[in-house]
Amino acid sequence: MPRIPLGVWVTDAVDFLTKHGRPVFNAISDVVGGVVHGMDHLLTAPPSLALAAVIAMLCWWLRGLLAGVLTFAGLMVIDGLGQWDAAMQTLTLVLVSSVAALVIGIPLGILCVRVSAVGAVARPVLDFMQTMPAFVYLIPAISFFGLGEVPGIAACLVFAIPPGVRLTELGIRQVDREMVEAAEAFGTPSSRILTRVQLPLALPTIMTGVNQVIMLSLSMVVTAGMVGAAGLGANVFGAITQYNLGAGAEAGLAVVLLAIILDRMTGALGQRLAPAARRHAERAAHGGVSSVLRYRPRPALALSGVVVFALLATTLGVMGSGGGNKGKPITIGYIPWDEDIAVTQLWKSELEKKGYQVTLKQVDAGPLFAGLGQGDIDLFLDAWLPATHADYYNKYKDRLQDIGVWYKNASMQLAVLKNDPANSVADLKGQSARYKGRVVGIEPGAGEMKIVKNKVLPGYGLGDFKLLQSSTAAMLAELDRSAKSNQPIVVTLWKPHWAYNKFPIKPLADPQNAFGSAEQVHVLGRAGFAKDFPQLTGWLKNFKMSDADLFPLEDLVINKYKDTPAQGVAEWEKQHPDVVKRLTS
């Protein structure tokens, strides 16, 4: 059967929409971005204690005193983990995407009940939306909206709509037909039957749909951290790519606590809105300790408390958010490669000393170059040319500025343990069983992976080896395990990299020059960067680093101070004052 070029059709369709729908997408991005930034400021500006009290008061009204106390304790744990701002950013994305999904999903569910043709068309579409891997939605979202929160919300919206539609339709269809017929017999208009009979009786099921929409939005927001959406998702993604178990555990626990709080509050809201469930809960609350723990203030009292705490939080937030101009904003994108992380943290420190307002976005290479091309990212400090990032660079080079080269002897290689008998890639031929038949690789989108797959393995006759796609963090973890157990392993690696200092490994010679000649690490800016940042452009053109300067910086930032990279940079700067002075001279 001939191959179906579905990928080509989808790519052409997305390119067409991107090209001709740019004004519409820009308008949507501006509106959604404005809402997100406004709500984000509203949630992050107040002190954590005041805002936690507001949320706890709401939970007290919805579920009872014990639930309110536990909610407050959970929020304080998030704050104690240092994840408060990230959690509030995540909450912002969840609320915006969930409201948008419900505004679309609930009316569509009603329409599916009232118009059978709409339901017949909508069901397979919803099946498609719900079963498509969540990561796939990020690809067109980047093309349409660039990097940041807006593509994350767009992906969340598509992913979270189906349960809202399905459970709204299910709830209305489960309403007793005799009750509907009784209303019709009294001459009740169709619209009033919907609003006075069907929707009130279907409310518990609809609220279950609301709960599911919020939970799916939260799961997708975490995934959207891969495309630059701020919040806990970005922290989780950063921990994964940097093999930082501690940071991953902290961000992951914050996600769990936030999910539990949202789940319990939305579930209780459904009970409060459903008359039958509310009466059942009131009968269940009878004397003793149980009644105290389940006590909920009357709506007037609860609303008064929420208003008081909200005003207090807002006032404290406004007072604490002063400080005037924070300097010229600049967004630096970086990929989870250790030299890029280290150098990006170094420049962040130096630029903030000069008064710049620096925002960092960690994404993979493909989205990063797309963000540069679309102007969502101002600067990228780790472009490997002419080979590793050639595909991305050639695609967007008309919209990029090559500012300069800061490292000239970059190279890619396969590496093995130091005591391994192999010294050349050619020595691996016929030895696949010794290495479990695999070469442990990194991210599938990395240029080195393409070179190993298309040039190195075929060129040296290593067809019995399988190139294992993973991530830089996973490759380093596997290398660490193999080094400790002295088990043979072949990994894709590159220089500069601190792994050559930390692990007992050696690079394999490449007599056929399959990896190509040594590469150079370039600094790239978006179109118009030099005009917008003339002084910084001059600094970056003169920026150079040697192995003696770079390797200690990598070790401090990536290993010793992986949870507090700014501290690693500060220690390195004390050890290399001359290099620091040259950066902005």
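The charged end of Lys-495 sits over the ring of Tyr-500, at 4.9 Å from the ring centre. By the criterion used here, a charge is over a ring when NZ of Lys or CZ of Arg is within 6 Å of the ring centre and within 35 degrees of the ring normal. Tyr-392 offers a second case, with Lys-450 over its face at 5.5 Å from the ring centre.

Before I continue, please note that this is a predicted model, in which local features need pLDDT of at least 70 and side-chain atom pairs count only at pLDDT 80 or more, while totals for chains, interfaces and linings use all residues. Residues are numbered from 1 along each chain as its sequence is written, and side-chain values use heavy atoms, with hydrogens and water left out.

Let me turn to the chain as a whole. The protein chain contains 26 helices and nine strands; these are DSSP runs, helices being H or I over at least four residues and strands E over at least two, numbered from the N terminus. Of its 585 residues, 49% count as buried. Buried means under 20% relative accessible area, exposed means over 50%, and partly exposed lies in between, with a 1.4 Å probe and protein chains only. About 27300 Å² of the protein chain is exposed, and carbon and sulfur atoms supply 62% of that area. The areas come from the Shrake-Rupley method with a 1.4 Å probe, and for residues only the protein chains shown count as cover.

How do the contacts spread along the sequence? Among contacts between residues at least 6 apart in sequence, 81% join residues at least 24 apart, where a contact means heavy atoms within 4.5 Å. A separate example of sequence distance against spatial distance is Val-31 and Val-150, which are 119 residues apart in sequence and 9.5 Å apart in space, C-alpha to C-alpha. Val-31 is found in helix α2, residues 22–44, and counts as exposed at 56% relative accessibility.

I come now to the aromatic residues. A search of the whole structure finds 14 aromatic pairs. The rings of Phe-369 and Phe-380 have centres 5.6 Å apart and planes at 75°, so this pair is edge-to-face. The pair links distant parts of the chain, with Phe-369 in helix α17 (residues 365–374) and Phe-380 in strand β3 (residues 379–385), 11 residues apart. For these assignments, rings of Phe, Tyr and Trp (its six-membered ring) pair if their centres lie within 6.5 Å; planes under 30 degrees apart count as stacked, over 60 as edge-to-face, and the rest as tilted. Phe-369 is buried at a relative accessible area of 0%, and Phe-380 also counts as buried, at 0%. Elsewhere, Trp-347, Trp-406, Tyr-407 and Phe-543 form one aromatic cluster.

The next topic is salt bridges, of which the structure holds 17. The term denotes a side-chain nitrogen of Lys or Arg within 4 Å of a carboxyl oxygen of Asp or Glu.

In the salt bridge of Glu-169 with Arg-123, the closest N and O atoms are 2.8 Å apart. This pair links distant parts of the chain: Glu-169 belongs to helix α8 (residues 149–173) and Arg-123 to helix α6 (residues 116–131), 46 residues apart. Glu-169 counts as buried at 9% relative accessibility, whereas Arg-123 is partly exposed at 34%. Arg-123, Glu-169 and Arg-173 are linked in a network of salt bridges.

A further salt bridge joins Glu-350 to Lys-353, with the closest N and O atoms 3.2 Å apart. Both residues lie in helix α16 (residues 338–353), three residues apart, about one turn of the helix. Glu-350 is buried at 4%, while Lys-353 counts as exposed at 54%.

Arg-434 forms a salt bridge with Asp-420, the closest N and O atoms being 3.6 Å apart. Both partners lie in the loop between β4 (400–417) and β5 (438–440), so the pair ties together parts that are 14 residues apart in sequence. Arg-434 is partly exposed at 36%, and Asp-420 is buried at 4%.

Finally, I turn to the surface. Which residues make the nonpolar patch of about 510 Å²? They are Ile-4, Leu-6, Val-8, Trp-9 and Val-10. Patches are made of residues with over 30% relative accessible area and no salt bridge; like charges are joined within 9 Å, and nonpolar side chains (Val, Leu, Ile, Met, Phe, Trp, Tyr) within 5 Å. Val-8 lies in helix α1, residues 6–20, and counts as partly exposed at 47% relative accessibility.
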